[in-house]
Amino acid sequence: MSEEPEKDQKTEAPTDKRRRDAAEKGDVLQSRELGTALVVLAGAAWLALAGPLFLGALEEMLIDGLSFEAADVRDFDPGSAALRLIGIVVVPLLGLFAITIAAAIGGPAMLGSFGFRAKAFGFKASKLNPLSGLKRIFGMQGLVELGKSLAKVLLLGAVGIWLLMDQARGLMGLTSQEIGPALGTVGWTFVIAVLVMSLALAAIALIDVPAQIMQRGARLRMSKQEIKDEHKQTEGSPELKAAVRRRQHEVLRGSARSAVAEATVILTNPTHFAVALRYDPETDAAPVVVARGRGATAEAIRELAKEHQVPILSYPQLARAVYFTARTGQVIRDDLYLAVATVLAFVFNLDAAMAAGAAPPPVAVPPGARFDAEGRAES
């Protein structure tokens, strides 16, 4: 089958799962132009801010290296002398390295592609195929990269020629100045040239980043059949859903299943936790926790509640409070009576509330009974 019809079928935007899978395999949004521009801009900023300090350090190092006394000759120690001289310039150089590394890391971080991806380092036989390499070089992607390189050379060349023509007269007049001021003028001219060049690179990056976004979007586009297949894998076929439901039911023991069937209400979080409460005014002195669980157990409790038509209400904070303060078979804690009583009053009048279109009432969980998903007390 030819490749062109397959491309024509990819008319749908990529799903979130498709983007995540591509990122795990190393196909992330990246722009070499942005990385180059940030590094050059960082270097230009260092030249403008720390350049005079570095030149001063070099001057001090040169003077120190060429100055010596009789004691230096008598107790000659080349190692300590070298360390002393290097220490003079090491601080400005460390600043340059730090700002350059930060700029190199900042490029991927700005594009949201910073991080290590183990799958990107896996062996891929297709990379060893010379035909694939020739296709990348002489294909559309290769032509695009060639065009970008030519445009970059032309732009930077034009900027360089403009700078040279603008500064030519001033540079020609340096011969009549003293060496110190002349070197200062040359230095600032160089700094300005680097800054202008880096701004030109930044302009190229501003064009390249949207282009990379569009190219990656086109590369990840999906056909309608691929979206259907992905949905089936994610949601599962009806047979798979039934098998999952059976396994969820098996999570609960027989006594727990019967307890859920007799429950008065199920409090949920809404998906991570589930607590089944029973309250029979004739037999129970206070609401009793008849089943509780999280994860697969919580899902099993909700499924059983639906089968037996037990009301399920989403009270995240209250569900966590009961889950972390009472075990199965125990009554709820005293400070939760009012909140649970409010919910039970709504459940006992559920038919009338539904007929009137009333929403479940808000409840207030005491500060001492508030927990996060890991069971840590919330302030």
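This is a short talk about one sheet, the two helices packed on it, and one glutamine.

Hi everyone, thanks for coming. Please keep in mind that we are looking at a predicted model.

Let's start with the sheet. It is open, and its four strands come in the order β3-β2-β1-β4, with mixed pairing. Which strands stand at the edges? They are β3, residues 288-294, and β4, residues 312-314. Each has a single partner strand, so one side of each is left without a neighbour in the sheet. On average, and ignoring direction, neighbouring strands here are turned by 20 degrees against each other.

Now for one pair in particular. Strand β2, residues 273-278, runs antiparallel to β3, and six bridges join the two. If you want a spot to click on, V275 stands opposite R292 in β3.

Next, the helices. Helix α12, residues 296-307, packs on the sheet and touches β1 (265-268), β2, β3 and β4. The direction of α12 makes about 125 degrees with that of β3. Helix α13, residues 316-325, also packs on the sheet, again touching β1, β2, β3 and β4. For α13, the angle is about 75 degrees with the direction of β2.

Let's finish with a residue in α13, namely Q317. Why does Q317 count as partly exposed? Its relative accessibility is 28%, and partly exposed covers the range between under 20% for buried and over 50% for exposed. Leaving aside residues up to four places away in sequence, Q317 touches V365, R370 and E378. V365 lies 48 residues from Q317 along the chain, yet their C-alpha atoms are separated by 7.0 Å.

That's my tour, and I'm happy to chat afterwards.

Methods: Residues are numbered from 1 along each chain as its sequence is written. This is a predicted model: local features need pLDDT of at least 70, side-chain atom pairs count only at pLDDT 80 or more; totals for chains, interfaces and linings use all residues. Side-chain values use heavy atoms; hydrogens and water are left out. Two strands pair if DSSP finds at least two bridges between them. Axes are lines fitted to C-alpha atoms, for helices over the stretch in contact, and angles run from 0 to 180 degrees between N-to-C directions. Contact means heavy atoms within 4.5 Å. Buried means under 20% relative accessible area, exposed over 50%, partly exposed in between (1.4 Å probe, protein chains only).
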